[in-house]
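User: I have a structure open and would like to go through it with you. Could we begin with the overall layout and then turn to particular residues?

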Amino acid sequence: MSLVTLLPFIVLIGAMFLMTRSAKKKQQAAASMRNDMQPGSGVRTIGGMYATVKEVNEDTVLLDAGPGVHLMFAKNAIGAVLSDDEYNRIVHGVDATEDDELTGSAVVPDDASSLTGADETAAADVAHIDLGKKDEADKPAAEAEPAAEAEKAADAEPKKTDGESDAK
């Protein structure tokens with residue numbers, strides 16, 4: 001056998017080794033994160049619930065989800081251990097960066113209007129585009145009368161609902 005025929009197999013085995021190695025590193029990092037949990041730290045479960053660690057056992061964790069609400073979870077159900085700042089920002093809405101010098105009193109707009117560079121007066125001067133549709137109130141009286149007469153004639157004629165038709 002030549003080296004050229006073995007090369008695809010060698011590359012395939014190398015790729016499989018690298019993939020399993022990175023997955024194993026992620027699992028080890030998650031396990032060490034779960035083992036380093038301390039009572040009082042904020043966590044997010046894999047289901048998305050935020051709580052505070054009350055007690056850590058060998059395989060389980062007792063979480064305080066609110067006043068008087070204590071829940072027992074498996075350690076594997078903890079998705080992330082959060083820093084105090086992040087936990088307070090998410091759960092209590094407390095933003096630790098309000099007094100930051102970089103953001104300070106910066107106002108972030110909800111839309112992209114500040115990116116266009118056009119001021120508000122220019123937007124008010126833009127004429128509305130007529131798409132050709134008009135309301136009944138916009139139609140002249142001469143056009144509205146025949147439509148009203150046709151509706152009255154249709155109402156005066158009895159409608160047949162028992163399956164009979166005029167066609168013979």
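User: How many helices and strands does the protein have?

Analyst: This is a predicted model. The protein contains 5 helices and 5 strands. Along the sequence they follow the pattern α-β-β-β-β-β-α-α-α-α.

User: What share of the residues is buried?

Analyst: Of the 168 residues in the protein, 11% are buried. The exposed area is about 14,100 Å², and carbon and sulfur atoms supply 57% of that area.

User: And the contacts: what part comes from residues 24 or more positions apart?

Analyst: Such pairs account for 37% of the contacts in the protein with a separation of 6 or more.

User: Now the strands. In which sense do β2 and β3 pair?

Analyst: Strand β2, residues 50–56, and strand β3, residues 60–66, pair in the antiparallel sense, with 4 bridges. Within this pair, Val53 stands opposite Leu63 of β3. The connection from β2 to β3 is a hairpin of 3 residues.

User: How many bridges are there between β3 and β4?

Analyst: There are 6 bridges between β3 and β4, the latter covering residues 69–74, and this pairing is antiparallel as well. One of the partnerships links Thr60 to Ala74 in β4. The hairpin of β3 and β4 has 2 residues between the strands, and Gly68 there adopts a positive phi near 80 degrees.

User: Which residue has a positive phi in the turn between β1 and β2?

Analyst: That residue is Gly48, with a positive phi of about 100 degrees, in a hairpin that has 4 residues between β1 and β2. Strand β1, residues 42–45, runs antiparallel to β2 and is joined to that strand by 3 bridges. Arg44 has Tyr50 in β2 as its bridge partner.

User: What about β1 and β5, how many bridges?

Analyst: β1 and β5 pair over 4 bridges in the antiparallel sense. Here Val43 is opposite Val81 in β5.

User: Back to Leu63 for a moment. Buried or exposed?

Analyst: Leu63 counts as buried because its relative accessibility is 0%. The residue lies in strand β3. Leaving aside neighbours within four places in sequence, Leu63 is in contact with Val43, Thr45, Met49, Ala51, Thr52, Val53, Lys54, Val69, His70, Leu71, Phe73 and Ile78.

User: How far is Leu63 from Gly42, C-alpha to C-alpha?

Analyst: The two C-alpha atoms are separated by 9.2 Å, and the residues are 21 apart along the chain.

User: Why does Ala80 count as buried?

Analyst: Ala80 has a relative accessible area of 15%, and it is therefore classed as buried, the limit being under 20%. Ala80 belongs to strand β5. Beyond four places in sequence, its contacts are Met33, Gly42, Val43 and Arg44. Ala80 and Tyr50 are 30 residues apart in sequence, and their C-alpha atoms are 9.7 Å apart.

User: I also noticed Lys75. Where is this residue?

Analyst: Lys75 is located in the loop between β4 and β5. Lys75 is buried and has no salt bridge.

User: Which side chain of opposite charge is nearest to Lys75?

Analyst: That is Asp59, at 6.6 Å; a salt bridge would require a side-chain nitrogen of Lys or Arg within 4 Å of a carboxyl oxygen of Asp or Glu. Asp59 is nevertheless among the residues in contact with Lys75, and so are Arg34, Asn35, Met37, Val56, Asn57, Glu58, Thr60 and Val61, when neighbours within four places are left aside.

User: A different topic: the surface. Which residues make the nonpolar patch?

Analyst: Leu3, Leu6, Phe9 and Ile10 make a nonpolar surface patch of about 420 Å². Leu6 is part of helix α1, residues 3–35. With a relative accessibility of 35%, Leu6 counts as partly exposed.

User: Finally, where is Ser83 found?

Analyst: Ser83 is in the loop between β5, residues 78–82, and α2, residues 84–91. Ser83 is partly exposed because its relative accessibility is 40%.

User: How far apart are Ser83 and Val43 in space?

Analyst: Their C-alpha atoms are 8.6 Å apart, while the two residues are 40 apart in sequence.

How values were computed. Residues numbered from 1 in each chain as written. Predicted model: local features only at pLDDT ≥ 70, side-chain atom pairs only at ≥ 80, totals over all residues. Heavy atoms only, no water. Pairing = 2+ DSSP bridges. Buried < 20%, exposed > 50% of the residue type's maximum accessible area, 1.4 Å probe, protein only. Contact = heavy atoms within 4.5 Å. Areas by Shrake-Rupley, 256 points an atom, 1.4 Å probe, with all protein chains shown as cover. Patch = residues over 30% accessible without salt bridge, like charges linked within 9 Å, V, L, I, M, F, W, Y side chains within 5 Å. Lys, Arg positive; Asp, Glu negative; His and termini not counted.
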